[in-house]
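Here are some notes to read alongside the model. Keep the 3D view open and turn it as you go.

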Amino acid sequence: MESPENNANANQRALISWRDVSAALDELIVTTERTLDVFDQSLALQDWGSKARCEALKVAMMERRVRVRMLIVDTHIVTAELPRLMQMLKTLGHQMAIMAAPEGAFPASNFVVADQQHLLFRPNSVQSTGSLYFQNPYKSIGYTQTFEVIWQQGGRRVFPEAFGL
């Protein structure tokens, strides 16, 4: 009988380029059925404001009722350079929330957890290297818990109305 750890390793993929990271994000968005939790330094390097990515998020939220939460260390780029994401926040705010990470210690890594079992992990905020894990709660649970703790500590919520949207 195959151990859970060996089965989990079969669902792992190394990410070595920004194209890999982008494709992995797209896969996570399409795969998620309930929740998508994003922790990122700024969203600057992963094309979160692109038409295709925003459309995929919109489909996930509207058709599958996915709840999206984003914790961002520096929210300036969201409000200044990602108008599609801000518009989506305005129209689908009942299923989407963006919050600045509170002051204090937070991970240097970026990660996305889908349905508490799929994980995209990048150990450094400016490099594209990382890993994608599907159906691997052994890897994702720690990040799910970290995200939840930071989310519960609260930070400044991003509201589109504050920026004239």
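Which elements do the buried residues of helix 5 pack against?

1. Let's settle that one straight away, keeping in mind that this is a predicted model. The buried residues of helix 5 pack against helix 3 (51-63), strand 3, helix 4 (76-81) and strand 4.

2. So who are these residues? Helix 5 spans residues 83-91, and its buried members are Leu85, Met86, Met88 and Leu89. They sit on the same side of helix 5, because the arc they cover around the axis is only 160°. Here's the rule of thumb behind that sort of pattern: an α-helix has 3.6 residues a turn, so residues three or four places apart point the same way.

3. Now zoom out. The protein has six helices and seven strands. Going along the sequence, you'll meet them in the order α-β-α-β-α-β-α-α-β-β-β-β-α.

4. What about overall shape? For 165 residues, a compact globule should have a radius of gyration near 15 Å, and the protein agrees, because its own value is 15 Å. If you boxed up the C-alpha atoms along the principal axes, you'd need roughly 60 × 35 × 30 Å.

5. Next, inside versus outside. Of the 165 residues, 45% are buried. The exposed area comes to about 8500 Å², with carbon and sulfur atoms supplying 51% of it.

6. Contacts also tell you how the chain folds back on itself. Take the contacts between residues at least 6 apart in sequence: 74% of them join residues at least 24 apart.

7. Helix 6 deserves a closer look. This helix runs over residues 137-153, so count along it: 17 residues, reaching 24 Å from first C-alpha to last, close to the 24 Å expected at 1.5 Å a residue. Its buried residues are Ser140, Thr144, Phe147, Ile150 and Trp151. These lie on the same side of helix 6, because they take up an arc of only 135° around the axis.

8. What covers that buried side? The cover includes strand 2 (35-40), strand 3 (67-72), strand 4 (96-100), strand 5 (110-114) and strand 6 (118-122). Spin the view to the face turned away from the buried side, and you'll find the exposed residues Tyr138, Gln152 and Gln153.

9. Finally, check both ends of helix 6. At the N-terminal end, Asn136 acts as a cap, with a side-chain oxygen 3.1 Å from the backbone nitrogen of Tyr138. After the helix comes Gly154, which has a positive phi, near 75°.

Terms used. Residues are numbered from 1 along each chain as its sequence is written. This is a predicted model: local features need pLDDT of at least 70, side-chain atom pairs count only at pLDDT 80 or more; totals for chains, interfaces and linings use all residues. Side-chain values use heavy atoms; hydrogens and water are left out. Helices (H or I, at least four residues) and strands (E, at least two) are DSSP runs, numbered from the N terminus. Buried means under 20% relative accessible area, exposed over 50%, partly exposed in between (1.4 Å probe, protein chains only). The arc is that of the directions from the helix axis to the C-beta atoms. Contact means heavy atoms within 4.5 Å. A polar contact is a pair of N or O atoms within 3.5 Å; within protein, one must be able to donate a hydrogen and the other to accept it, and residues adjacent in sequence count only if both atoms are side-chain atoms. The radius of gyration is taken over C-alpha atoms; the globule rule is 2.2 Å times the number of residues to the power 0.38. Accessible areas come from the Shrake-Rupley method with a 1.4 Å probe; for residues, only the protein chains shown count as cover.
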